[in-house]
Amino acid sequence: MKVLFVFDDREYSSFFVYDLTSGVNSLLRVSPEIKIQKLTLGELYTQVPIEKFLTYFSLAFSIEVKKYLILKKSDSLLGVEEAGLEADGKMPVTVYKEFTALKSGQTFQKGEQRLTLAEIDAYISYQIDQDGRIDVFERQEDIIRLMKRKTVRPRLSAITNNYGTVKEYSGSNLNLKDMLKMGTGYLAKGSARMNKINVPEVGSFSIEGNFPYRLGPIDWAKNGVRLRKDLI
């Protein structure tokens, strides 16, 4: 089973494809700046219903994805505010590299930091970093993982008991069986090693302009997951 997880921030949404096939533990992390003819993937996402987007996404990358789960960035920040902040109004986060956040202009120093809600918002907002890498996927996953540890007990009963809540607070066509499969797959393997692949991969794309950068031409021959040639 492949599930498209959308970290929804409109045209700057991040797209994650979880492959929960038996014996497989892989994750594709897809940039919203990839152009499908005249539209970026993020622009397309904002203009069509999710069911059509799934069809276009599957055709574009030759990956059959029928299941989806959408988490709005605003809702994730609300969750951080309600359950993730400590008494001083901050959340402990390990920053793995120094970078400047485009949204706020703040430079985050490498190491253990305590971040406010506004700083977390900037920390997880999509961008290409000053070193030309798309490492925001790691930052987004890190915050989601931290919140999962605070709010989700590692028991399948938690999934069945809270299934209605999941449906209410996220866009999803996952049924209870799918949720259980996720529970015995990725969710249960949160600390397990996962094969993570960025699309486009490091070294396969150029960047345009000065910081803030835009995604430039992509050499799809250097990518394991490729955009259909007729859509480039």
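This report walks through one sheet, two helices that lie across it, and one buried arginine in a predicted model.

## The sheet

Let's start with the strands. Six of them form an open sheet, and following the order 11-6-1-2-3-12 takes you from one side to the other. The pairing is mixed. In general, strands of a sheet pair through backbone hydrogen bonds, either parallel or antiparallel. Which strands sit at the edges? They are strand 11 (171-172) and strand 12 (195-199), each of which pairs on one side only.

Now look at some of the pairs. Strand 1 and strand 6 run parallel and are joined by six bridges; here Asp8 has Lys72 of strand 6 as its bridge partner. On its way to the edge, strand 6 also pairs with strand 11, this time in the antiparallel sense over two bridges, and Leu69 stands opposite Ser172 in strand 11. Towards the other edge, strand 3 (residues 26-30) pairs with strand 12 in the parallel sense over five bridges. You can find Ser26 opposite Asn195 in strand 12.

## A buried arginine

Strand 3 is also the place of Arg29. Is Arg29 buried or exposed? Its relative accessibility is 6%, and residues under 20% count as buried, so Arg29 is buried.

What does Arg29 touch, leaving aside residues up to four places away in sequence? Its contacts include Phe15, Phe16 and Phe137, along with Glu138 and Glu141. Arg29 also touches Lys196, Ile197, Asn198 and Val199, and these four can be found in strand 12, which covers 195-199.

## Two helices across the sheet

Helix 2 (residues 50-61) lies across strand 1 (2-8), strand 2 (14-19), strand 3, strand 6 (67-72) and strand 12. It runs at about 115 degrees to strand 6. Helix 3 (residues 73-84) lies across strand 1 and strand 6, and its angle to strand 6 is about 60 degrees.

## A closer look at helix 2

How far apart are the end C-alpha atoms of helix 2? They are 16 Å apart, which agrees with the 16 Å that its 12 residues should span at 1.5 Å a residue.

Several residues of helix 2 are buried: Ile50, Phe53, Leu54, Phe57, Ser58, Ala60 and Phe61. Why do they belong to the same side of helix 2? Because they cover an arc of only 165 degrees around the axis. Just after helix 2 comes Ser62, whose phi is positive, near 55 degrees.

Definitions and conventions. Residues are numbered from 1 along each chain as its sequence is written. This is a predicted model: local features need pLDDT of at least 70, side-chain atom pairs count only at pLDDT 80 or more; totals for chains, interfaces and linings use all residues. Side-chain values use heavy atoms; hydrogens and water are left out. Two strands pair if DSSP finds at least two bridges between them. Contact means heavy atoms within 4.5 Å. Axes are lines fitted to C-alpha atoms, for helices over the stretch in contact, and angles run from 0 to 180 degrees between N-to-C directions. Buried means under 20% relative accessible area, exposed over 50%, partly exposed in between (1.4 Å probe, protein chains only). The expected span of a helix is 1.5 Å times one less than its number of residues. The arc is that of the directions from the helix axis to the C-beta atoms.
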